[in-house]
Structures are given as C-alpha cells and as structure tokens.
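Please walk through this structure with me, one chain at a time and then both together. Have the model open so that you can turn it as you read.

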Amino acid sequence: MNPYGITLTLVVFYAFSELHGRRRTFYTNPVLLSIIVIAAFLWASGYSYESYMESAVILKFLLGPAVVSLAVPVYRSRKVIATYWKEIAAGIAIGGTLAILSAFYTARLLGGSEEVLLSIAPKSVTTAIAIGISEKMGGIPALTAVLVILTGILGNAVGVEILDAAGVRDRIARGLAMGVTSHGLGTARILLDDELAGAVSGLAMALNGIFTSLLLPYLLEILK
Amino acid sequence: MRPYRGLAIIFGFYALGEFTSSALNLSIPGSVLGMLYLLAALLGGAVKLDWVENEAEAFVRNMSVMFVPPGVGIVAYIGLLKSQAVSVFGALIISFLITLLVTAKTVELLRGGKG
C-alpha cells in the first residue's frame with residue numbers, strides 16, 4: 001500500500017484549514033478547496049484515482065464510525081427534542097421530503113440522466129450519510145459528495161440572508177430550515193448568530209439524515 | 001475513562017449496523033443503523049454517555065477530512081458534470097431555495113409567531 005493518497009489529503013486539508021482559520025468565509029471551505037486541488041492534481045499529473053485511494057480509503061472508511069458517533073450529539077439534545085418535538089417532526093417531514101422531491105424533479109425537468117437524479121436526491125443530508133445513501137441507491141457517491149458540499153456552502157453563504165429577506169424571525173423555524181437544507185455548513189453559519197437556532201439546526205441535520213435514509217429508497221421506487 | 005472501551009463500542013455498533021443492512025438487504029446505510037443502535041443503547045441505559053463521548057467527539061470533530069477522498073472521485077465525472085451542468089446546478093439552486101423557504105415558513109406558521 002502506498003502512503004501518498006492519505007498523506008496528500010491530510011497535508012492539503014491541513015493547509016486549507018489554516019487558511020480557513022485566518023479567513024473564515026464560505027469560499028475558503030477546506031473540504032471543497034481540498035477536493036478541487038487534489039482532483040486537479042490527479043487530472044493534470046495522470047496519477048490514478050485508484051493509486052490515490054489505496055491509502056486514502058482509510059479516511060473514507062472512518063466515515064462509518066463517524067456517522068455512528070453522531071448518536072452522541074443527538075442524545076445530548078434530547079431535552080431540545082422533548083421541548084420542540086412537534087416543530088422538529090413537522091420541519092423534518094416537510095423539509096426532508098421537499099429537498100428530495102424538488103432536487104429530483106428539477107434535475108429531471110432540466111434533462112438530468114438517471115445517475116444524476118439519484119446522486120442529487122440526497123443532497124441536503126449531511127455528507128457522510130448522503131454518500132452512504134448514494135452508494136446504496138446506485139448514484140455516483142463522488143458527485144453526491146460534491147453536491148452536498150456545494151449545498152452546504154450555499155446555505156453558509158446566503159441562507160441567513162435569504163431567511164432575513166423573507167421575513168422569517170422565528171428562531172426554531174430558522175434553525176430547522178438551515179439544518180434540513182444545508183446540514184453542517186448551514187448549522188455552522190446560523191450558530192454564529194443564534195445559539196438556540198444553531199442547536200436546533202444541528203439536531204435537524206442529524207435527524208434529517210436518519211429520515212432521508214429511511215424515506216429515500218421507497219420514494220425513489222415511486223419516482224422512477 | 002478506560003482506553004479502547006469507546007472505540008470498541010462505536011465500531012461494534014457500526015459492524016452490527018452493516019451486518020443488519022446487508023443480511024436483511026436493507027437500503028438504509030449500515031452506518032445510519034449503527035447510529036440508531038447506539039442512540040437506542042444510550043437512551044435505554046445499556047451504554048453510558050461517558051463510555052463513548054470522548055471517542056465519538058473525536059470522530060465528529062475530525063469528520064470533515066473524511067469527505068475529501070470520496071469527493072476527489074469527481075475527477076472521473078468531469079465530463080458528465082460539464083454535459084449536465086444546467087441540470088445539476090439548476091436543480092441544486094432551485095431545490096435549495098424551495099426547501100429553505102418552505103420549511104422556514106411552514107414551521108413559523110405552525111408556531112404562530114412565538115419567536
């Protein structure tokens with residue numbers, strides 16, 4: 001096993017994390033920048049993705065236990081769930097379903113191929129879970145990963161501003177909408193303004209991951 | 001804190017989730033099932049929070065770098081992305097706006113402006 005893939009990933013990611021620490025804006029997102037730089041490097045040098053993945057696959061594998069670990073933040077928020085369970089249930093049912101349907105139908109309307117439809121359907125779910133869903137559903141996990149991150153960046157960049165412009169002031173509504181739509185990156189953004197909305201957003205992200213992975217397979221059966 | 005207890009529990013639930021998912025041929029990812037098992041174990045008291053919290057936090061905190069290798073796989077699909085750019089990015093933006101606004105407005109309506 002060659003050590004280059006994992007080393008390259010860690011070094012590039014660390015460098016962009018340092019940059020992000022100094023300039024904390026959406027366009028310095030270290031995940032997206034690392035993907036672009038490493039993909040461009042592979043493309044330009046002709047070094048194969050398979051050789052890169054020989055050791056980088058270790059990082060990908062760790063997404064499994066990382067998703068399992070999300071049980072801990074959900075468990076810690078059980079008081080928030082108990083207080084706002086009605087709003088959370090409604091927000092996730094509506095937002096989670098709408099995220100899938102709107103992405104799937106718009107992509108189809110604009111002439112997307114089946115692989116694209118399957119890859120874009122889970123785009124509002126947290127990256128780790130979306131990759132798992134895409135793999136299981138016959139989508140392209142790499143495309144899903146990139147689309148999920150772009151959706152997150154969109155929420156991080158303009159989500160709060162759009163909610164302001166639309167006159168949404170309710171803190172629970174704002175948190176739920178950000179978490180359901182733009183997962184971790186949306187949560188990180190609204191957390192800067194409002195701790196309660198941020199906590200609700202993080203919770204919505206985790207619960208929407210569960211909801212979508214349960215719903216999507218059955219929904220796709222009907223949609224296809 | 002006992003060394004390895006947290007990791008053993010997290011990997012144990014992950015393996016159990018993967019096993020259920022493949023043995024029953026479910027379309028839910030094994031990792032999500034593993035999360036549900038761990039959550040159930042925490043809620044039911046079978047696993048204490050302090051047995052797993054340090055390791056779980058380390059995983060969650062360091063999750064971002066794990067998205068890079070799967071994302072780099074995009075290098076094989078640049079052609080596809082170019083040929084379907086309108087569909088992909090159009091759907092991304094429209095779906096983002098619809099989901100954000102409808103979810104926010106519905107929940108706000110449901111709460112009747114409680115703030």
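Let's begin at a small landmark: B:Asn25 sits in the loop that links helix 1 and helix 2 of chain B. Helices here are DSSP runs of H or I with at least four residues, strands are runs of E with at least two, and both are numbered from the N terminus. The phi angle of B:Asn25 is near 55°, a positive value in a residue other than glycine. Is B:Asn25 buried or exposed? It counts as exposed, because it has 6 C-beta neighbours inside 10 Å. For these labels, C-beta atoms are placed from the backbone; a residue is buried if 20 or more other C-beta atoms lie within 10 Å of its own, exposed if 12 or fewer, and partly exposed in between.

A word on what you are looking at: this is a predicted model, in which local features need pLDDT of at least 70 and side-chain atom pairs count only at pLDDT 80 or more, while totals for chains, interfaces and linings use all residues. Residues are numbered from 1 along each chain as its sequence is written, and chains are lettered from A and ligands numbered from 1 in the order in which they are written.

Now step back to the whole of chain B. There are six helices and zero strands in it, so the pattern along the sequence reads α-α-α-α-α-α. The radius of gyration of chain B is 20 Å, well over the 13 Å that the globule rule gives for 115 residues, so chain B is more spread out than a compact globule. That radius is taken over C-alpha atoms, and the rule is 2.2 Å times the number of residues to the power 0.38. The C-alpha trace of chain B spans about 50 × 50 × 30 Å along its principal axes, and 43% of its 115 residues count as buried. The domain assignment gives chain B a domain 1 (1-62) and a domain 2 (69-115), with bounds that come from an automatic or database assignment. The C-alpha centres of these two domains of chain B lie 29 Å apart.

Within chain B, have a look at helix 1 and helix 3. Their axes come within 8 Å and cross at roughly 80°; axes are lines fitted to C-alpha atoms, for helices over the stretch in contact, and angles run from 0 to 180 degrees between N-to-C directions. That makes helix 1 of chain B roughly perpendicular to helix 3 of chain B, a label for angles of 65 to 115 degrees, with under 35 counted as roughly parallel, over 145 as roughly antiparallel and the rest as oblique. Among the residues that meet are B:Leu7 and B:Ile10 in helix 1 and B:Trp51 and B:Val52 in helix 3. Contact here means that the C-beta atoms of two residues, placed from the backbone, lie within 7 Å. By class, this helix contact has six nonpolar, two polar and two charged residues. Ala, Val, Leu, Ile, Met, Phe, Trp, Tyr, Cys and Pro count as nonpolar, Asp, Glu, Lys and Arg as charged, and the others, Gly among them, as polar.

Turning to chain A, you will find eleven helices and zero strands. Its radius of gyration is 18 Å, which agrees with the value near 17 Å for a compact globule of 224 residues. Buried residues make up 58% of chain A. Chain A is divided into domain 1 (4-61) and domain 2 (68-223), and five residues of domain 1 are in contact with five residues of domain 2. In helix 10 (residues 171-191) of chain A you can find A:His183, which has a positive phi of about 35° although it is not a glycine. A:His183 counts as buried, because it has 31 C-beta neighbours inside 10 Å.

Finally, bring the chains together. How many residues does each chain give to the contact? Chain B gives 65 residues and chain A gives 90. On the chain B side, helix 6 of chain B supplies the largest share, 22 residues. The residues of that side divide into 43 nonpolar, 16 polar and six charged. From chain A, try A:Val68 in helix 4 (residues 63-69). A:Val68 is buried, with 32 other C-beta atoms within 10 Å, and its partners across the contact include B:Ile10, B:Phe13, B:Tyr14 and B:Leu38.

Notes. Lists of a residue's contacts leave out its neighbours within four places in sequence.
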